[in-house]
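Let's take a walk through this one together. Have the model open and follow along as we go.

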Amino acid sequence: MIGAPTPLVSFVDVRKHYGEGSARVDALRGVSFDVGAGEVVGLRGPSGSGKTTVLNIVGCILAPSEGTVRIAGEDIFAEGHWLRRDLRRLRLETIGFIFQFHNLLPFLTATDNVALVLQLAGEPRAAARRRARELLDYLDVGHRRDAFPAQLSGGEAQRVAIARALANRPRIILADEPTAALDSQRAQTVMDLLRRVAVDQKAAIVVVTHDEKIVDRFDRMLELRDGLLI
Ligand SMILES: Nc1ncnc2c1ncn2[C@@H]1O[C@H](COP(=O)(O)OP(=O)(O)OP(=O)(O)O)[C@@H](O)[C@H]1O
């Protein structure tokens, strides 16, 4: 019998507190969920409910206090410590990040912003620039490839940022409010693109959002309240 496919992201009873004693904040109080290949999952909840903490733990930027984190079936964090030493490499190879304010480097063109990630991963400059141009075409901003971030519209800049997040063909894409700064039509375009990436690359996509314009665009919505999923 063929079982269900291995999820790309698994949290098993993940807990996280910040500070100690009277300053202790229990940000996650036992959170479990899976995200599979090809899924686009939303994560929402009030301010302070733990959304950013979840995203940073999936992104291997922040260690949980307790629980198990699995990436593509491999235990990455368990019993209080990281099980992988090369977290930076894991991030570069497996995870793409997209932020609300696209965080493009102002002194690099669209092409070079995307190519930089590939060069950091060891790809030669010419090959990196070629792949960057392909990605910008894929995201329908190829015509803006020589523009600097200040010359791009909000929607264009966000598409360049998505191209950058996709550069290393990550299997997991994490986005923090990627449409908050965009009008309705551009927000839909960004969601269409994320959906296309989920399908084409069999990626797992987790999007933190408060954006009412896109609530119906997810396969599932995870709701956090006070550090628990409801
Ligand atoms: N570095 C930190 N030190 C201490 N407390 C923190 C830290 N980061 C987050 N917290 C606290 O942990 C809780 C969860 O924060 P988190 O940023 O994950 O929530 P959020 O849902 O992303 O909120 P927002 O929508 O406002 O970004 C909050 O009570 C927050 O104050």
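How many bridges join strand 5 to strand 6? Two bridges do the job, linking strand 5 (residues 74-78) to strand 6 in an antiparallel run. Keep in mind that this is a predicted model. If you want a spot to zoom in on, Phe-77 stands opposite Trp-82 in strand 6.

Now step back to the sheet. It's an open one with five strands in the order 2-1-4-5-6, and the pairing is antiparallel. At the edges sit strand 2 and strand 6 (81-82), each of which pairs on one side only.

Strand 2 also leads us to the ligand: strand 2 (25-35) and helix 1 (51-58) each supply at least two residues of the shell around the ligand. Helix 1 gives the most, with three residues. Among the residues around the ligand are Tyr-18, Val-25, Ala-27, Gly-45, Ser-47, Lys-51, Thr-52 and Thr-53. Sort the shell by class and you get three nonpolar, eight polar and one charged residues.

Last stop, a pair of helices. The axes of helix 3 (residues 110-120) and helix 5 (residues 154-166) come within 8 Å and cross at roughly 25°. Angles under 35 degrees count as roughly parallel, so helix 3 is roughly parallel to helix 5. The crossing of helix 3 past helix 5 is right-handed. On the helix 3 side, the contact is made by Ala-110, Asn-113, Val-114 and Val-117, while helix 5 brings Val-160, Ala-163 and Arg-164. By class, the residues of this contact come out as five nonpolar, one polar and one charged.

Technical notes: Residues numbered from 1 in each chain as written. Predicted model: local features only at pLDDT ≥ 70, side-chain atom pairs only at ≥ 80, totals over all residues. Axes fitted to C-alpha atoms, helices over the stretch in contact; angles between N-to-C directions. Helix = DSSP H or I, 4+ residues; strand = E, 2+ residues; numbered from the N terminus. Parallel < 35°, antiparallel > 145°, perpendicular 65-115°, else oblique. Left-handed = near helix turned anticlockwise from the far one by under 90°. Contact = placed C-beta atoms within 7 Å. Nonpolar A, V, L, I, M, F, W, Y, C, P; charged D, E, K, R; others polar. Near = placed C-beta within 6 Å. Pairing = 2+ DSSP bridges.
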